[in-house]
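Here are my notes on this structure, written as numbered points. Please read them with the sequence and the 3D view side by side.

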Amino acid sequence: MGDAAGAAAAFAEVLADRERVLGSDHPQTLTTRHDLARWRGELGDAAGAAAAFAEVLADRERVLGPDHPQTLTTRHDLAHWRGMAGDTFGTSAALAETLEAMERLLGRDHPRTLAARADLALWRGKTANAAWSVHAYGELLDDMLRVLGPEHPDTLATRDSHANWRGTSGDAEGAAAELAELLPDQEHVLGADHPQTLMTRHSLARWRGEAGDADGAARALAELLEDMVRVLGPDHPRVVSARQELRWRETGAGEPG
């Protein structure tokens, strides 16, 4: 619902009670620590989240074992937040190792394995291998359509990622076409005001602009900004990014968001 601070505060209260009643090594206590670490990262403290996940991982390996699904999930999230804290290359290597373990222990079609494949495609793309990411997201999308179905939120998110990496690899027109097909499906499944729907509108405007329709991109961004401010608030980072890109497209000042 957008209240990351409230979620973090609630998990902190639950954690205190679970440690008191169940003990620090109880699996439910470890789960709460994992969730609290995630929301710490969502609040902007990527380094703190990574440090917290590293502590949870050590305890889950000791209590549950290194091959337990929850331990693998923590390995995945630790790698992700280390990447968010700046260790892009280390994250790619860690995700590749975690994915190998997940495929062996959980299977290639397990939802957690699919999520790890998506993250690996993301972080390898960030190491300047956009073409590899386009291919990886394409393969992943085929599997998500088969396993999860076309209306699953993760399938929709993968379609969005595939389109954006297609644009990053140099095919702005193809990216815009994919996003134009995705947008009505997101509006149908998630709703017009869902943050992911709004981000797809942002990406669609961006790639239309990169494909040569600068005026259309500016008009779309202006319409989008009204909805983003209403839904997310004027100071949300995504709103700031969209506002900056609109200013750049209208005046050429600054950098695109």
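1. The model is predicted, and the points below should be read with that in mind. They cover two helix pairs and two buried residues.

2. Start with helix 2, residues 27-42. This helix has 16 residues, and the distance from its first C-alpha to its last is 23 Å. The span expected at 1.5 Å a residue is 22 Å, so the helix comes close to the expected value, given that the expected span is 1.5 Å times one less than the number of residues. Just after helix 2 comes Gly44, with a positive phi near 115 degrees.

3. Which residues of helix 2 are buried? They are Thr29, Leu30, Thr32, Arg33, His34, Ala37, Trp39 and Gly41. The elements that the buried residues of helix 2 pack against are helix 1 (4-21), helix 3 (46-63) and helix 4.

4. Helix 4, residues 69-84, can be described in similar terms. Helix 4 has 16 residues and reaches 23 Å between its first and last C-alpha, close to the 22 Å expected at 1.5 Å a residue. Gly86 follows helix 4 and has a positive phi, near 120 degrees.

5. The buried residues of helix 4 are Thr71, Leu72, Thr73, Thr74, His76, Asp77, Leu78, Ala79, His80, Trp81 and Gly83. These buried residues pack against helix 2, helix 3, helix 5 (88-105) and helix 6 (111-126).

6. Now take the two helices together. Two packed helices are described by the angle between their axes and the distance between the axes. For helix 2 and helix 4 the angle is about 15 degrees and the axes are 11 Å apart. Angles under 35 degrees count as roughly parallel, so helix 2 is roughly parallel to helix 4. Their crossing is left-handed.

7. What meets what between helix 2 and helix 4? On the helix 2 side are Thr31, His34, Arg38, Gly41 and Glu42, and on the helix 4 side are Gln70, Thr73, Thr74, Asp77 and Trp81. Sorted by class, this contact has 1 nonpolar, 6 polar and 3 charged residues.

8. One residue of helix 4 deserves its own point: Thr74. Is Thr74 buried or exposed? Its relative accessible area is 0%, and buried means under 20%, so Thr74 is buried. Apart from neighbours within four places in sequence, Thr74 is in contact with His34, Phe53, Val56, Leu57 and Arg60.

9. A second pair is helix 10 (residues 195-210) and helix 12 (residues 237-251), which pack at about 20 degrees with axes 12 Å apart. Helix 10 and helix 12 are therefore roughly parallel to each other, and their crossing is left-handed. Helix 10 contributes Pro195, Met199, His202, Arg206, Gly209 and Glu210 to the contact, while helix 12 contributes Arg238, Ser241, Ala242, Glu245, Trp248 and Arg249. By class, the contact of helix 10 with helix 12 has 4 nonpolar, 3 polar and 5 charged residues.

10. The last point concerns Leu140, in helix 7 (residues 130-147). Leu140 has a relative accessible area of 1% and is buried. Setting aside residues up to four places away in sequence, Leu140 touches Leu114, Arg117, Ala118 and Thr158. Leu95 is 45 residues from Leu140 along the chain, and their C-alpha atoms are separated by 15 Å.

Definitions and conventions
Residues numbered from 1 in each chain as written. Predicted model: local features only at pLDDT ≥ 70, side-chain atom pairs only at ≥ 80, totals over all residues. Heavy atoms only, no water. Axes fitted to C-alpha atoms, helices over the stretch in contact; angles between N-to-C directions. Helix = DSSP H or I, 4+ residues; strand = E, 2+ residues; numbered from the N terminus. Parallel < 35°, antiparallel > 145°, perpendicular 65-115°, else oblique. Left-handed = near helix turned anticlockwise from the far one by under 90°. Contact = heavy atoms within 4.5 Å. Nonpolar A, V, L, I, M, F, W, Y, C, P; charged D, E, K, R; others polar. Buried < 20%, exposed > 50% of the residue type's maximum accessible area, 1.4 Å probe, protein only.
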